[in-house]
Amino acid sequence: MSESVAADLLLTGGKFVTLDPDERIVAALAARDGKIVALGESEDLAGLAGIATRVIDLGGRTVIPGIVDSHCHPDGAAARLSRWHSLDPGRIASRAELLDTIAAATGTIAPEAWFAGYRFNERKSGGYPSRAELDHATAGRPLFILRTDGHLGLVNSAALAALGIDEGTTDPPFGAFDRDPASGAMTGLVREAAAQLFVERIHADDKVEDIMAGLQAVFDEFLGFGITSVYNSLTTSKAIQAYQRLKDQSLLKPRVGIIASGREEGLVEALIQAGIRSGFGDNQLRIIGVEWCPDCSTSGRTAAYY
């Protein structure tokens, strides 16, 4: 076999679920330059091996095509790995445990430093704490907690003050500051566009290098579940830079479709001004489209339904 036409990878002895119209299951796959060149039985593909071909016997293991996640936010997860506190139900089982966790973390940071948490699920962790409880736990530090759906949040009085929000502030378009029905005072629960005010404030300090490091960790986890292609919804400009740098350094493992964020002021306009259209890029990293998201949470009860 000429090395110019030989496969550079030959996988044999497996059960490849092709998902083609005939629902074939074959034993071997040959690839070259990252593309499949042949599927069939091991003996039929043996002739595609050359001197430099890497041959792997799968020992009867089943192989499926890579999974495509068509809507996810790996850039957000990556940006939060280094500075945010995970408050998922596996860590937080009760309201008391949440408040104790906050108090322990805020007791070691500067008075002006933010406590940022994410993946909080009030239904599995004792319900929403009150604004007064959050004020007590943080001892004056600003706090923002993003609910597990990514569309609601909790803030304390210091966080409201940091953004110049008081009881007289009106709700932003497509968002709401929840208020006590009796007193009209803000409860600390913020929805959609109101929550995004705090998300944007904290993420303003993100560094491209931190997002790059976070994306590598996130995608290692994705690949462990067989997810090989993702569409990153609401991709920020810093994340777009991170993706390009990872690709340039041959560190970007999955294929990524960028859905640019309509939330980030000027980003979509800049893409349009530059003449960038859907499909711009290559087989590994390309622009898919843009996304706006005014009311999206089912579990948080902000999505609009009939």
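**View 1. Aromatic pairs in this predicted model come to a count of seven.** The pair to look at here is Phe 219 with Phe 222, which meet edge-to-face. Their ring centres are 5.7 Å apart, and the planes make an angle of 85°; an angle over 60 degrees is what counts as edge-to-face. Helix H7, residues 208-224, holds both Phe 219 and Phe 222. Three residues separate them, about one turn of the helix. In an α-helix there are 3.6 residues a turn, so residues three or four places apart point the same way. Are Phe 219 and Phe 222 buried or exposed? Both are buried.

**View 2. Five residues make up one aromatic cluster.** Find Trp 84 and Trp 114, then Tyr 118, and finally Phe 144 and Phe 198: together they form the cluster. Stay with Trp 84 for a moment, and you will see Arg 80 lying over the face of its ring. The distance to the ring centre is 4.9 Å.

**View 3. Helix H4 spans residues 131-138 and has buried residues as well as exposed ones.** Arg 131, Leu 134, Ala 137 and Thr 138 are the buried ones to find. These four are on the same side of H4 because they cover an arc of only 125° around the axis. Turn to the other side of H4, and you meet Ala 132 and His 136, which are exposed.

**View 4. The buried residues of H4 pack against several neighbours.** Two of these are helices, H3 (95-106) and H5 (157-162). The strands are S11 (143-147), S12 (152-155) and S14 (186-192). Just after H4 comes Ala 139, with a positive phi near 50°.

Key. Residues are numbered from 1 along each chain as its sequence is written. This is a predicted model: local features need pLDDT of at least 70, side-chain atom pairs count only at pLDDT 80 or more; totals for chains, interfaces and linings use all residues. Side-chain values use heavy atoms; hydrogens and water are left out. Buried means under 20% relative accessible area, exposed over 50%, partly exposed in between (1.4 Å probe, protein chains only). Helices (H or I, at least four residues) and strands (E, at least two) are DSSP runs, numbered from the N terminus. The arc is that of the directions from the helix axis to the C-beta atoms. Contact means heavy atoms within 4.5 Å. Rings of Phe, Tyr and Trp (its six-membered ring) pair if their centres lie within 6.5 Å; planes under 30 degrees apart count as stacked, over 60 as edge-to-face and the rest as tilted. A charge sits over a ring if NZ of Lys or CZ of Arg is within 6 Å of the ring centre and within 35 degrees of the ring normal.
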